Amino acid sequence: MPEQPDKAFYVTTPIYYVTAPPSIGNAYTTVAADVLARWHRQRGEDVVFLTGTDEHGQKVLEAAEQNGVSPMEWADKLVETEWEPVLAVIDASNDDFIRTTEPRHTERVREFWQAVYDRGDVYEGTYEGPYCIACEEFKLPAELIDGDGGDKLCPIHERGVETLSEANYFFALSRYADRLLELYESQPAFVQPESARNEVISFVRQGLQDLSISRSTFDWGVPVPWDDKHVFYVWIDALLNYTTAAGFGTDPESFARIWPADVQLVGKDILRFHAVIWPAMLMAAGVDVPRRVFAHGWLQVGGQKMSKSKVTAIHPSEVVDTFGSDAYRYYFMKTIAFGSDGSFSWEHMSAVYTSELANGLGNLTSRVTAMVGKYFDGRLPTGKSSGEAERQLADALSTAAKRAEEAVDRVAIHEAVTAVAEFVSRVNGYVTEQQPWKVATDESPEGRARLGAILYAAAESLRAVAVLHCAVMPKTAAALWEALGAQSLGALSDQRLQDVGRWGQLPPGVALTKGPALFPRLVDDHS
Ligand code: MSP
């Protein structure tokens with residue numbers, strides 16, 4: 001890969017269909033991308049985090065018709081009332097929000113495909129075959145499943161497919177099969193995790209069919225520049241959002257800084273679009289392909305197999321209203337192995353909240369700040385009389401920080417959060433073993449010094465936890481930073497992950513405060 005010294009870390013989510021309100025399924029992708037963005041910022045990197053909405057195509061058109069409004073009115077309404085507000089609900093820190101109906105995008109779509117057309121990779125033909133509107137995807141007859149009435153259904157949505165038969169423009173995708181296989185070989189990180197990579201390789205090895213890229217039976221899309229009776233197929237318009245927002249075709253300097261994308265997160269249902277069609281499109285236009293496409297699993301609710309539409313039953317606000325956005329983010333990022341399917345239940349979420357957050361980190365923080373208050377008038381004592389136990393704690397911190405850093409580089413987000421959570425348990429265990437409340441009964445200078453060393457070590461560990469948990473639980477981390485009086489070290493956002501393991505940063509003498517509980521007890525635990 002060529003060196004780009006000023007390259008930003010560019011992370012994207014898929015853009016969401018404005019057919020219905022967001023679900024915890026959609027929010028899952030956004031939270032994961034947000035954690036990566038915040039983590040990389042905490043390393044001091046220049047970060048660009050993009051999300052947005054996918055507004056063209058038959059599916060959005062149908063939703064608008066069902067609601068008796070124009071597709072543009074419908075899209076505006078959903079973006080304004082649902083898709084933008086949900087970002088604040090889950091505390092997403094996106095740098096840009098792209099809508100595919102914006103002129104900055106539609107103009108780029110036309111230019112991009114005109115260039116591919118001019119290069120000879122687009123031709124006119126006739127398409128006939130099954131199409132699932134819910135997926136906005138052409139299906140192979142062999143992929144379909146049998147319905148009760150002997151009809152053929154989409155395997156993802158378990159709903160009927162329509163048979164399309166029309167004259168279209170085609171993208172010569174089949175020409176790119178060999179170059180794609182070469183890409184998967186030479187850049188193994190291009191599709192991750194490994195299971196997704198294997199799936200994509202075996203799919204492409206079977207040979208690729210050319211892709212129908214235009215439709216003439218409806219007009220809710222970007223008009224094809226060389227034939228205005230057609231609009232572009234929604235996916236080949238939508239995929240280009242990633243290059244549009246990076247400045248492709250308008251701002252070469254920004255494009256050179258941002259592109260290629262470092263991590264493109266997608267759910268496994270849309271892997272082929274991102275790992276096959278998308279890089280082939282870029283190759284056809286002579287643009288670099290992304291560095292990594294990472295497919296995560298599907299969320300289930302209450303252990304039930306869930307289709308994309310069923311999960312819409314739970315809106316992120318419902319969960320955030322009970323647990324807060326930090327606990328929401330922690331739960332989804334820690335308890336589901338990123339890349340595997342996972343499940344959500346109110347009971348499980350309540351249990352994790354209570355044991356790991358309220359009784360874990362929350363209780364630890366209030367114990368430490370309360371003891372510094374009680375035994376040292378709220379001023380952090382020195383850690384001069386530290387011994388073996390404190391050295392071990394410092395070692396545990398540096399191991400946790402290394403594990404977390406290394407896991408984030410593999411997009412193993414759950415491993416990173418787990419490494420930090422295990423360190424929190426370790427600190428809790430340390431305080432319990434050291435029994436500072438007993439040491440406090442020894443009022444000799446040695447006893448006082450020992451008590452100081454224990455509380456210093458616990459507070460210093462929490463200083464590191466604030467930095468390490470900041471990407472996942474930004475509000476909690478900020479409250480913790482304040483409770484520790486750590487503002488004297490500078491703003492939390494200026495703390496670098498590279499330095500987090502350096503022991504002894506909190507200056508003795510700072511004022512600790514026992515603020516409100518970081519994770520209040522649940523009133524209604526949904527059990
Ligand atoms: N508009 C397309 C993406 C175009 S990207 C150029 C799309 N939109 S979507 O709204 O249907 O889905 C967006 C994302 O939400 C996908 O990554 C999808 O996997 C994710 N999820 C939707 N339901 C989900 C679950 N139940 N579980 C986990 N993620 C799921 O596809």
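Select T30 in this predicted model and show its surroundings: leaving aside residues up to four places away in sequence, T30 touches T13, Y16, F49, L87, I90 and A92. T30 sits in helix 1, which covers residues 24–42, and with a relative accessible area of 3% T30 is buried.

Next, select helix 6, residues 177–186, and colour A177, L180, L183 and Y184, which are the buried residues of this helix. If you turn the view to look down the axis of helix 6, these buried residues fall within an arc of 120°, so they line one face of the helix. An α-helix has 3.6 residues a turn, so residues three or four places apart point the same way. On the other side of helix 6 you will find D178, E182, E185 and S186, which are exposed. Add strand 10 (191–192), helix 7 (194–205) and helix 11 (271–285) to the selection, for the buried residues of helix 6 pack against these elements.

From strand 10, move on to P193, which lies in the loop between that strand and helix 7; the peptide bond from Q192 to P193 is cis, with omega near -5°. Another cis peptide bond joins W259 and P260, where omega is about 0°, and P260 is placed in the loop between helix 10 (252–258) and strand 15 (263–267).

Finish with two backbone angles. Most residues other than glycine have a negative phi, yet E136, in the loop between strand 5 (122–132) and strand 6 (137–138), has a positive phi of about 55° and counts as buried at 1% relative accessibility. E158, in the loop between strand 8 (152–153) and strand 9 (162–171), has a positive phi of about 50° and is partly exposed, with a relative accessible area of 43%.

Note on methods. Residues numbered from 1 in each chain as written. Predicted model: local features only at pLDDT ≥ 70, side-chain atom pairs only at ≥ 80, totals over all residues. Heavy atoms only, no water. Buried < 20%, exposed > 50% of the residue type's maximum accessible area, 1.4 Å probe, protein only. Helix = DSSP H or I, 4+ residues; strand = E, 2+ residues; numbered from the N terminus. Arc of directions from axis to C-beta. Contact = heavy atoms within 4.5 Å.
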